[in-house]
Amino acid sequence: SAGGIWTDIYDFPKASTRGNIIYIIMFPLSITLACTCGIRDVRIPGNEKWAYFEFFASIFWIGVYSFILVDWVTTIGLTLGIPIYVLGLTLLAGGTSVPDLLSSVVVAKAGKGDMAVSSSIGSNIFDVTVGLPVPWLLFNLVMDCPVVVGADNLVISIAILLCMVLFVIGAIVASGWAMDFKLGATMMLLYVVFLAQDISRIYIKGNVSC
């Protein structure tokens, strides 16, 4: 019987034009996930054994989508003349954080605010300590040469990030450890300020290229 993602795939056409447009745009993603991760709904008793397969299938598709995302963003940047650095700091960073955003929203609505915050922080720590070093290590082992990473103004960048952490902690304390609208607006403002100063420093230094 149909269930989970298959229910959404079978539900076409939608009641509104907007719904049909979203369905068509999302169909390539939906059908690939449905044919792998959606073979069995592991929430149904008796399908628990499919959890491992669907877990690794999900990781596989995240890798494929990430590769395509980076390739397309690079092509867009070269076509429109937008520096890769700017796209990476804005569009790419935001796009790759969507899964973390959705999971945090789900657990926050369930009343588990601590888990929502821990998820967003833990994912970034995982990116820095595992997501970057492991590919670098594999590249070193296979190619037998080091990975050269540009690190201009690294000290300044780290200092700014530490200041941002302090501002974030201060904002949380000032809100009484409650995630309300004011705290969300403050976080968004801090993000805009960070983007503005980081991009400005690159342009001022004249280190911008496509």
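Welcome to the tour. Start by colouring the whole chain by confidence: the mean pLDDT is 83, and 94% of the residues reach 70 or more. Keep in mind as you go that this is a predicted model. Where pLDDT is low, the predicted coordinates should not be read in detail. For the two extremes among the elements, select residues 5-10, helix H1, with the lowest mean pLDDT at 78, and then H7, with the highest at 90.

**Stop 1: just after H1**

Now select phenylalanine 12 and proline 13. These two residues are joined by a cis peptide bond, with omega at about 0°. Proline 13 sits in the loop that runs between H1 and H2. The bond deserves a look, because most peptide bonds are trans.

**Stop 2: the loop from H2 to H3**

Follow the chain through helix H2, residues 17-34, and pick asparagine 47 in the loop leading to H3. Is asparagine 47 buried or exposed? Its relative accessibility is 15%, so asparagine 47 counts as buried. Show its surroundings next: leaving aside residues up to four places away in sequence, asparagine 47 touches Arg40, Asp41 and Val42.

**Stop 3: H3 and H4**

Select helix H3, residues 51-80, together with helix H4, residues 84-96. Two packed helices are described by the angle between their axes and the distance between the axes. For H3 and H4, the angle is about 145° and the axes are 10 Å apart. Their crossing is right-handed.

Which residues make the contact? On the H3 side, show Leu69, Val70, Val73, Thr74 and Gly77; on the H4 side, show Ile84, Leu87, Leu91, Leu92 and Thr96. If you colour them by class, you will find seven nonpolar residues, three polar and no charged ones.

Stay on H3 for a moment and click isoleucine 62, which belongs to this helix. With a relative accessibility of 53%, isoleucine 62 counts as exposed. Then draw a distance from its C-alpha to the C-alpha of proline 99: the two residues are 37 apart in sequence and 9.7 Å apart in space.

**Stop 4: H6 and H7**

Move on to helix H6, residues 113-131, and helix H7, residues 133-143. How far apart are their axes, and at what angle do the helices pack? The axes are 5 Å apart and the angle is about 10°, which means that H6 is roughly parallel to H7.

To see the contact, display Asp127, Val128, Thr129, Val130 and Gly131 from H6, along with Pro133, Val134 and Pro135 from H7. By class, this contact of H6 with H7 holds five nonpolar, two polar and one charged residues.

**Stop 5: two positive phi angles**

Continue past H7 to aspartate 144, in the loop that leads to helix H8, residues 154-174. Its phi is positive, about 55°, although aspartate 144 is not a glycine. Most residues other than glycine have a negative phi. Turn on the surface here too: aspartate 144 has 68% relative accessibility and therefore counts as exposed.

Beyond H8, select tryptophan 177, in the loop before helix H9, residues 181-205. Tryptophan 177 is not a glycine, yet has a positive phi of about 60°. Is tryptophan 177 buried or exposed? At 66% relative accessibility, tryptophan 177 counts as exposed.

How values were computed:
Residues numbered from 1 in each chain as written. Predicted model: local features only at pLDDT ≥ 70, side-chain atom pairs only at ≥ 80, totals over all residues. Heavy atoms only, no water. Axes fitted to C-alpha atoms, helices over the stretch in contact; angles between N-to-C directions. Helix = DSSP H or I, 4+ residues; strand = E, 2+ residues; numbered from the N terminus. Parallel < 35°, antiparallel > 145°, perpendicular 65-115°, else oblique. Contact = heavy atoms within 4.5 Å. Nonpolar A, V, L, I, M, F, W, Y, C, P; charged D, E, K, R; others polar. pLDDT = per-residue confidence, 0-100. Left-handed = near helix turned anticlockwise from the far one by under 90°. Buried < 20%, exposed > 50% of the residue type's maximum accessible area, 1.4 Å probe, protein only.
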